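Subject: Structure handover

Hello,

Here is the structure for your work, with notes on what was found in it. Please read the notes with the model open.

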Amino acid sequence: ELVVVSNNGLQHYQAKVIILTMGCRERTRGAINIPGARPSGIYTAGVAQELINLKNYMVGEKIVVLGSGDIGLIMARRLTLEGAEVIMVAEKLPYSSGLPRNINQCLYDFDIPLLLNHTVVDIEGNGRLSGVTIAQLGKRGGIIQKSKRKIACDTLLLSVGLIPENELSREAGVVLDKITGGPQVDERGQTNVPGIFACGNVLQVHDIVDNVSLEAEYIVEGVVECFEGKLTKEGEIKVELGKGLRYVVPQ
Ligand SMILES: Cc1cc2nc3c(=O)[nH]c(=O)nc-3n(C[C@H](O)[C@H](O)[C@H](O)COP(=O)(O)OP(=O)(O)OC[C@H]3O[C@@H](n4cnc5c(N)ncnc54)[C@H](O)[C@@H]3O)c2cc1C
């Protein structure tokens, strides 16, 4: 049974098949534990996009971007084109996980520095953000104290990863993959709970929405077979990770 809350109140539904497509939530400042003051002016990339694209509201003038995945890189360019000064993009890893094309076209073409092995370690501001402290990270990820320096800015844009939104899945008894954070599925996209399928960002993080569409198309056959009561399990083969691979879906 599904219990749904909407403007029409509480409703109860029976379903033969449920497809989980709750997507991801963005990591916030709290999720990555940045200490310091709690002023306004700290946005996740998604919130900043919504304010700029849908509400025509510019988020700030002097901006530090934290995180150099493709979303952080694209946001750095976007904010520059909207008239802001992007002071730097800081990345805690020794490399950017963004495409080389995006590093060139979003940062270097606009003279925006990319600081690898760097993160924000403190936040200042009374009311509005007035500055952040950045520091270099050592080989084991610890802060190199003497590298700390203050950067005056009015906005900190966080682009530091996504977490699959799986509270409902957990409550439904769906087994989750420790690495992806999403459900474990078979080759039809079905979870360990018969009749519950998953696809899209709730299953694994997709940077590009085209791959989400492909994944949705891929599971349709199994969903229809399940709906018609024709889906059978013909023995399971556990997929094992080869060298250099972090995870594999279906598991
Ligand atoms: C900041 C940002 C920028 C991006 N830019 C691009 C881009 O330029 N190009 C591109 O191709 N991709 C981009 N992506 C990636 C793209 O957005 C995702 O790959 C795609 O949206 C995932 O689709 P989805 O349907 O799985 O999840 P989502 O699009 O996240 O949709 C999930 C939906 O489920 C809803 N939901 C969650 N829980 C519940 C619940 N309990 N009950 C009811 N509803 C619920 C959510 O509110 C949401 O509307 C970007 C992602 C981010 C975060």
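How many residues lie between S1 and S2 in the hairpin that they form? There are two residues between these strands. Please keep in mind throughout that this is a predicted model.

The hairpin

Strand S1 covers residues 2-6 and strand S2 covers residues 9-13. The two pair in the antiparallel sense, over five bridges. One of the bridge pairs joins Leu2 to Tyr13 in S2.

Domains

The domain assignment splits the protein chain into domain 1 (2-24 + 163-227) and domain 2 (28-160). Taken over C-alpha atoms, the centres of domain 1 and domain 2 are 32 Å apart.

The ligand

The ligand is surrounded by 17 residues, and the closest are Met22, Asn201, His206, Asp207 and Val209. By type, the shell around the ligand consists of eight nonpolar, seven polar and two charged residues. Both domains take part: domain 1 (2-24 + 163-227) and domain 2 (28-160) each give at least three residues to the shell.

Two helices, H2 (45-54) and H6 (209-227), each contribute at least two residues to the shell around the ligand. H2 gives the most, with three residues.

For docking or parameter work, these are the backbone distances to the ligand:

- Asn201: a backbone N or O atom is 2.8 Å from an oxygen atom of the ligand.
- His206: a polar backbone atom is 2.8 Å from an oxygen atom of the ligand.
- Asp207: a polar backbone atom is 3.1 Å from a nitrogen atom of the ligand.

How much of the ligand does the protein bury? Taken alone, the ligand exposes 1,000 Å², and 52% of that is buried by the protein.

The sheets

Strands of a sheet pair through backbone hydrogen bonds, in either a parallel or an antiparallel way. Both kinds of pairing are described below.

An open sheet of five strands runs in the order S5-S12-S6-S7-S8, and its pairing is parallel. Strand S5 (42-44) and S8 stand at the edges with a single partner strand each, so each has one side without a neighbour in the sheet. Within this order, strand S12 sits between S5 and S6. Strand S6 (residues 62-66) and strand S12 (residues 155-158) are joined in the parallel sense by four bridges. Ile63 has Thr155 in S12 as its bridge partner.

An open sheet of three strands has antiparallel pairing and the order S9-S10-S11. Its edge strands are strand S9 (118-126) and strand S11 (149-152), each of which pairs on one side only. On average, neighbouring strands of this sheet are turned by 30 degrees against each other, direction ignored. Strand S10 takes in residues 128-136 and pairs with S9 in the antiparallel sense over eight bridges. In this part of the sheet, Val120 stands opposite Ile134 in S10.

Backbone points to check

Which peptide bond is cis, with omega near 0 degrees? The bond from Val249 to Pro250 is cis. Pro250 is placed in the segment after H6.

Asp111 is not a glycine, yet it has a positive phi of about 55 degrees. Where is Asp111 placed? This residue is in the loop between helix H4 (100-107) and strand S8 (114-115). S8 is also one of the edge strands of the sheet of five strands.

Regards

Note on methods:
Residues numbered from 1 in each chain as written. Predicted model: local features only at pLDDT ≥ 70, side-chain atom pairs only at ≥ 80, totals over all residues. Heavy atoms only, no water. Near = heavy atom within 4 Å. Polar contact = N/O pair within 3.5 Å; in protein donor to acceptor, adjacent residues only side chain to side chain. Areas by Shrake-Rupley, 256 points an atom, 1.4 Å probe, with all protein chains shown as cover. Nonpolar A, V, L, I, M, F, W, Y, C, P; charged D, E, K, R; others polar. Domains from an automatic or database assignment. Pairing = 2+ DSSP bridges. Axes fitted to C-alpha atoms, helices over the stretch in contact; angles between N-to-C directions.
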